Amino acid sequence: TLRIQYSANLSESFHGFYKSSYRTRDGERRVLAATQFEPTAARMAFPCFDEPAFKARFTITIRREPKHHALSNMPIVKSVNITPWLVEDHFDTTVKMSTYLVAFLVSDFKSISRITGHGVKISVYTAPDKIDQADYALDAAVKLLDFYEDYFSIPYPLPKQDLAAIPDFQSGAMENWGLTTYRESALLYDPGKSSASSKLWITMVVAHELAHQWFGNLVTMEWWNDLWLNEGFAKFMEFVSVSVTHPELKVEDYFLRRCSDAMAVDALNSSHPISTPVEDPAQILEMFDNVSYEKGSCILNMLRDYLTADVFKAGLVQYLQKYSYQNTRNEDLWNSMTNARGTDQNEMQSDGFCRSGQQSPSNAHWTKGETFDVRAMMDTWTLQKGFPLVTVTVRGKNVYLRQEHYVRGAASPSSTGYLWHIPLTYITSKSNTVQRFLMTTKADVIILPEEVAWVKFNVDMSGYYIVHYEGDGWDRLITLLKENHTAISGNDRASLINDVFQLVRTKKLSISKALDLTLYLKHERQIMPVLQGMDQLIPMYRLMERRATDGTEKQLKEYIINLFKDLIDEQSWSDEGSVSELLLRQSLLLFACVHRYQPCVDKAEGYFREWQKSNGTLSLPATVKTAVYVAGAQTPGGWDFLLGKYTLHSFSVDRMHMELALSLGGSKDRLQWLMDQGLRGDIVRTQDLPSIIVFVAKNPSGYHLAWTFLKENWDTIVEKFELGSSSVASVVTGVTGRYSTRAQLAEV
């Protein structure tokens, strides 16, 4: 038995055992203490072997004032009054777990609770004034925890699960076992004021943290090099669970967007394999990136599509049951998947996630699928960085294929030998039945039953690769989009937009070819292709705007607005419609107002004036708020009025929308003041500083300010947010991402 006496101050950052505060409706400041230990900060709260493989049982005792209460991973077994002003809470002993999942919270929060179908008590804790915004998250958590217990066939092992909204929180949320913590915007939902995008975000975050109770908490990676086993899975399970528990959110529609986001960083030479060696805390922190999360979830989706949903699920369940309360490596998962495949050869129906075409019931359709070595296939996706570019050449009935490593900029010589096992899928002008072909060599040939007008690979973008159509292949697809774009799915159209611009970046195609393809967008009405088109075109315009020389940027802006003009004009300024219609409306109107499309600006300013006249009491449709605030902040007196409302308790759910508007409007002095306030942390919360700096950098008159601010306050920002964290990374890329001159490169 080792006893250690130790003492420490509450941390001033967002990790370890740290101090947070909030103001009540009456403006009184109240303090609380919360924890954030992942990855390496449990050691800041108590001496420990702070590595994920050293699992232990924890018995925690906390002393507090009577006006507060304490929470930890387990329920309280007894409370003892030590003195009239001091209470000692004894918590039950935990299950065997890693240090980074230990948590405690001392606060005066209020809570609401419900019991799940399986008998687990779920509670949501918030600052007292915000408890009326906790219902949605509670309802979602109950549904999701029940779903996971059924899906994994493993009961949740603790008696309770608390979800707490912490006023100061660096990331989105944290999966501490039995006490998950969230930033307020990831948990609190106000039915009268919150938007559809907020509802979607909260549901996904809660689904993510609850998935971790199995993936990560029950079965944990042996070391941080395999962090993706936690994060890629939780990210992937968000979709599996929410598509069942909240079908009205239609989450499967948004999956491919995260894959194109992951590809954006994974195409750089500075990317890293999903599983990569790390040693010190800064390197460990750097693993919490798009590659571990988004790419991890995309390759899992591809594997599920390949194995079928039922074999995939059987493999997961086997893995979780076999390694409960233990630690694992990459290969343990692949072995479980291979075993599941071996034991389950019968024809099975699948639950058809992420597939709008026909689902093949088993692997009978995978040409070349004789041997099923999941590990051999998946090692090519987790141990090599980047992803493949598949070049397709059609000659008569023959389709010639070759693969290479897709890299933007100069590739490192080492990557020329890269080879992937690619589960290719394709449809043709003659058949919309999905054909499947496992490509394991550098080059291969598929022979079609008959000649076709066009072929489209990577159906619905369910694979993590991009495709180049050689010869007249692109022209045929461009013609198809012009003449009959609904002949292929919205996801297929979005993936063509993504691929064509990736190919321009490596000079495989001319920019004019890519712009030819975008012409069809005038007739596009679905959310994914529209957003994909914007994601590709707007950054191009922004880059040119910074260089503004000969009016080309004005023409490009007019071109982009022209593509989406009809769709923008069709939008009603209301909260009517499906979730995807509302998300599309929110993006379109914001785009139109930011780029000063006059009909939109006039309408938004009209709403803003009404809202101003009512002194902020008029209820604006949640979907159009961001556009209204952005346009309003640029009117005389609008900025100051908006700031006045921003500081009020009653607009807390609008904070992010208002920050964007304040950063895009306003004079240079005001933008500077906004960033300074973020550093001070009273009017603007420091947790929001990274996004405010990035918003200011998006403002053409603010991007020098943001860069100067970042340089001058670098040490403070690093101290607060930690080097290697995604917060610091997002600020650096957000501020410098639109630089394009040699002089700017030298400065960076």
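Visitor: Before we look at the predicted model, what should I bear in mind about UniProt annotations?
Guide: UniProt positions follow the numbering used here, feature names are shortened, and an annotation may be inferred rather than shown by experiment. With that caution, and in a model that is itself predicted, the unreviewed UniProt entry places its "active site" annotation on E209.

Visitor: Is E209 buried or exposed, and in which helix is E209 found?
Guide: A residue counts as buried when its relative accessible area is under 20%. The relative accessible area of E209 is 4%, so E209 is buried. Beyond its neighbours up to four places away in sequence, E209 touches A173, M174, E175, T180 and Y182. The element that holds E209, residues 196-212, is helix 2.

Visitor: Which strands does helix 2 lie across, and at what angle does helix 2 run to strand 12?
Guide: The open sheet has 5 strands in the order 8-9-10-12-11, with mixed pairing, and its edge strands, each paired on one side only, are strand 8 (110-115) and strand 11 (173-174). Helix 1 packs on this sheet, touching strand 8, strand 9 (121-126) and strand 10, with its direction at about 150 degrees to that of strand 9. Helix 2, for its part, lies across strand 10, strand 11 and strand 12, and its angle to strand 12 is about 150 degrees.

Visitor: How many bridges join strand 10 to strand 12, and which residue stands opposite L179?
Guide: Strand 10 (residues 160-166) and strand 12 (residues 179-183) run parallel and are joined by 5 bridges. The residue that stands opposite L179 of strand 12 is D162.

Visitor: Between which domains does the largest nonpolar core lie?
Guide: This core has 244 residues, and those with the most contacts inside it are L401, F457, Y464 and F564. Helix 1 (residues 135-152) supplies the largest share, 12 residues. Because both domains give residues to the core, it lies between domain 1 (16-221) and domain 2 (536-548 + 569-747).

Visitor: What distance separates the centres of domain 1 and domain 2?
Guide: The two domains are in contact, with 22 residues of domain 1 meeting 22 residues of domain 2. Taken over C-alpha atoms, the separation of their centres is 30 Å.

Visitor: Is V399 buried or exposed, and what distance separates the C-alpha atoms of V399 and C48?
Guide: V399 has its place in strand 17 (residues 398-405), and its relative accessibility of 1% means that V399 counts as buried. Leaving aside neighbours within four places in sequence, its contacts include V392, I446 and F457, while F457, on the same basis, is in contact with residues including V392, V399, L401 and I446. V399 and C48 are 351 residues apart along the chain, and the distance between their C-alpha atoms is 59 Å.

Visitor: What is the phi of T308, and what is the phi of Y325?
Guide: Most residues other than glycine have a negative phi. T308, in the loop between helix 6 (291-307) and helix 7 (309-322), counts as buried at 3% relative accessibility, whereas Y325, in the loop between helix 7 and strand 14 (326-328), counts as partly exposed at 30%. Both values are positive: for T308 about 80 degrees, and for Y325 near 65 degrees.

Visitor: Is the peptide bond from E38 to P39 cis or trans?
Guide: P39 lies in the loop between strand 2 (29-36) and strand 3 (61-64). With omega near 0 degrees, the peptide bond from E38 to P39 is cis.

Conventions. Residues are numbered from 1 along each chain as its sequence is written. This is a predicted model: local features need pLDDT of at least 70, side-chain atom pairs count only at pLDDT 80 or more; totals for chains, interfaces and linings use all residues. Side-chain values use heavy atoms; hydrogens and water are left out. Helices (H or I, at least four residues) and strands (E, at least two) are DSSP runs, numbered from the N terminus. Buried means under 20% relative accessible area, exposed over 50%, partly exposed in between (1.4 Å probe, protein chains only). Contact means heavy atoms within 4.5 Å. A nonpolar core is a set of buried Ala, Val, Leu, Ile, Met, Phe, Trp, Tyr and Cys residues joined through side-chain atoms within 4.5 Å. Domain bounds come from an automatic or database domain assignment. Two strands pair if DSSP finds at least two bridges between them. Axes are lines fitted to C-alpha atoms, for helices over the stretch in contact, and angles run from 0 to 180 degrees between N-to-C directions.
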